[in-house]
Amino acid sequence: MTTLNRAPKSAAANRRQRVITPYLMLAPGIVLFLVFMAAPIIYTLVLSFQKTKVSGLGLGSGARSTVFAGFENYIAALDPDFVASVGRVLLYGLILVPTMLGLALLFALLLDSKRARATTFSRVAIFLPYAVPAVISSLLWGFLYLPAVSPVYFVLDKLGLDAPEILSNDLVIFAIANIALWGGVGFNMIVMYTSLRAVPSDIYEAARIDGASEMQIALRIKIPIIAPALVMTALFSMIATLQVFAEPMTLRPLTNSLSTSWTPLMKVYRDAFTRDDIGSAAASSIVIALATILISFVFLRVVQRRAFGQED
Amino acid sequence: MSLVPTLDKPQRSLERPSVVATAVLIVGAVYCLFPILWVVMASTKDGGELFSTFTLAPSTHLFHNIVELTEYRGGLFWRWMLNTALYAGVGSILSAYVSALSGYVLAKFNFPGKKGVFSILLMGVLVPGVILAIPQYLLFANFGLTNTYWAVLLPQIISPYGIYLARIYAAASVPTDVIEAARTEGARELYVFHRIALPMMAPGLVTIFLFQFVAIWNNFMLPYIMLGNDALFPLTVGLNGLLNQGATVPALYTLVITGALLSVIPLVLIFLVLQRYWRVDLAAGAVKA
């Protein structure tokens, strides 16, 4: 009797246990997400609509109060400095992303073509810079950009040629793009190469029997097949481009061409820590985050419609 | 019979080595190795030779430079190295574990709100960590937690992308009937996860661990913003500061360069050892999701 009574009870307890378990197991992830991603974003949103009002001389604890600012911070944040920094980053992305992905794709296709030799050496060597932090790679290239150190200047000098200074105002954007290219091309190459390797090779065999050249196979079969990998590398590269910060910050001691608001994130940093203008920094952060998400969304939509439209 | 040779022939001729293909890859490899070769050479020079001798000509001061770097402010550089190892090592192990647990639940359980959790997570993938750094600072400052180890360690444990990858690995490598069998035998859910699912997901988890390890090791903005005490700095922030001082004290340049060389070595070693785990399939299921 007792056993009959207890059996359904424990089954119910079991069921309740079953219902709670996934939530308990997700708890660490959810708590971390809420505390370190959601809360900072919400807090920044709140700050972006606030300003500090100073009454009298601003002395004493009652002299400073926080008041609602409406869109004042946003209007203040979108100043010429910010607009200029956004323009610079867009140009930088236009230089960097196609070059980096183009080279990565070229290297990946060559590695996959089985016609190149010493592929293990090249693959590891090209991937290696990914292990070098942006600060260190900027430091290395920063020295290599100095005419007194760079072997390029040394050779050009011996040839009697006058080389333009790469860290000058007009060219520094290429100097920074080169650092990011150096650090990123190998990673993207590995991603593309991994997808290429996942394709069963009999597809290529069939094309070869039909008389397709290696070039045709690369353009007509390989590239379309790894399109999802290309989309993801493009997306991640664009997001990384928008947040360029470490490279220009590290190069600054070596050149006068980089202002404190050279990129949007540098401007946010300046507003928050040099000017103590938290409201403007918060508003700029929100604008950058929204722009990033918007660009990602539009990009995915456009690409999905173009490349994968037939699948829907 | 006659068909076999004709099929065989073009195939062999297609795999004939191409000089151009090899050359292009070698040029790429040389470009990528060049700054590393430079830093190896430059760290053997003393302050005067750095700007006066030919860039790639080695000198004999490497040992002296390392000693000098070690003596700099009572071994501060090695402290930075240990800090970096702590941030990256502990942070990425915790990150891989939390990602594995969350990804496993999202792949293998059905519960109300699952779709919502996953959608929010995907949004999290698009929000770049760097943009969160200043908001995180502002929030931490409220609780007086800036300028501590926690300020750098904790925010980097959560990785929406890691969870996303772990979900793919769990769905692909842990068979549902194995889980069911363990449950019927009365195994608790955490036991099933730790003893059955985790080992099956291990190769994928190494990739997540590596991803996060490199991300934390390379991170500059978060520690740069969070920390003021240079005893807590990771290498990136420490060397950046040293380079900044070098603008006025050029003698520090040799220290910066030697420091750069030494700080690259551990990560390069990890890369070479764990090379085969870099099977990064960013797109696996991404566009379908």
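**Notes on the predicted two-chain model**

1. Start with helix H5 of chain A (residues 134–145). At 1.5 Å a residue, its twelve residues should span 16 Å, and the end C-alpha atoms are indeed 16 Å apart, so expectation and model agree. Keep in mind throughout that this is a predicted model.

2. How much of H5(A) is covered? Twelve of its twelve residues are buried. Among them are A:Trp141, A:Phe143 and A:Tyr145, along with A:Ser137, A:Ser138 and A:Gly142. As for what does the covering, the buried residues of H5(A) pack against H7 and H11 (246–251) of chain A, and also against H2 (19–42), H11, H13 (235–246) and H14 (252–273) of chain B. That puts elements of both chains around this helix.

3. Now for a helix where the span does not work out. H11 of chain B (residues 189–218) has 30 residues and would span 44 Å if straight, yet its end C-alpha atoms are only 36 Å apart. Where is the bend? Have a look at B:Ala202: H11(B) has a kink of about 65 degrees there, shortly before the proline B:Pro203.

4. On to chain B as a whole. It has 14 helices and zero strands, so if you are reading along from the N terminus, expect α after α. Of its 289 residues, 43% are buried. Take the contacts in chain B between residues at least 6 apart in sequence: 71% of these join residues at least 24 apart.

5. The contact between the chains deserves a careful look. Chain A puts in 84 residues and chain B 75 residues. On the chain A side, helix H1 (residues 2–48) gives the largest share, with 17 residues. Sorted by class, that side of chain A has 61 nonpolar, 18 polar and five charged residues.

6. The largest nonpolar core has 159 residues, and the members that touch the most others are A:Ala108, A:Met189, A:Met192 and B:Ala260. Which helix gives the most to this core? That would be H7 of chain A (residues 172–197), with 15 residues. If you want one residue to click on, try A:Met189: beyond its neighbours within four places in sequence, A:Met189 is in contact with A:Ala104, A:Phe107, A:Ala108, A:Ile126 and A:Phe127.

7. Two residues have backbone angles worth checking. Most residues other than glycine have a negative phi. A:Asp276 is not a glycine, but has a positive phi of about 60 degrees. A:Asp276 sits in the loop between H12 (264–274) and H13 (278–308) of chain A, and is exposed, with 10 other C-beta atoms within 10 Å. In chain B, B:Asn147 is not a glycine either and has a positive phi of about 65 degrees. B:Asn147 belongs to the loop between H7 (129–142) and H8 (149–153) of chain B. Is B:Asn147 buried or partly exposed? Partly exposed, with 15 other C-beta atoms within 10 Å.

8. Last, confidence. Chain A has a mean pLDDT of 85, with 90% of its residues at 70 or more. Among the elements of chain A, H3 (residues 80–112) has the highest mean pLDDT, 94, and H6 (residues 151–158) the lowest, 77. Residues 1–7 of chain A are another matter: pLDDT stays under 50 there, and the model has zero contacts for them beyond four places in sequence.

Technical notes:
Residues numbered from 1 in each chain as written. Chains lettered and ligands numbered in written order. Predicted model: local features only at pLDDT ≥ 70, side-chain atom pairs only at ≥ 80, totals over all residues. Helix = DSSP H or I, 4+ residues; strand = E, 2+ residues; numbered from the N terminus. Expected span 1.5 Å × (residues − 1). Bend = angle between axes of the 7 residues up to and from the residue. Core = buried A, V, L, I, M, F, W, Y, C linked by C-beta atoms within 7 Å. Buried ≥ 20, exposed ≤ 12 C-beta atoms within 10 Å, placed from the backbone. Contact = placed C-beta atoms within 7 Å. Nonpolar A, V, L, I, M, F, W, Y, C, P; charged D, E, K, R; others polar. pLDDT = per-residue confidence, 0-100.
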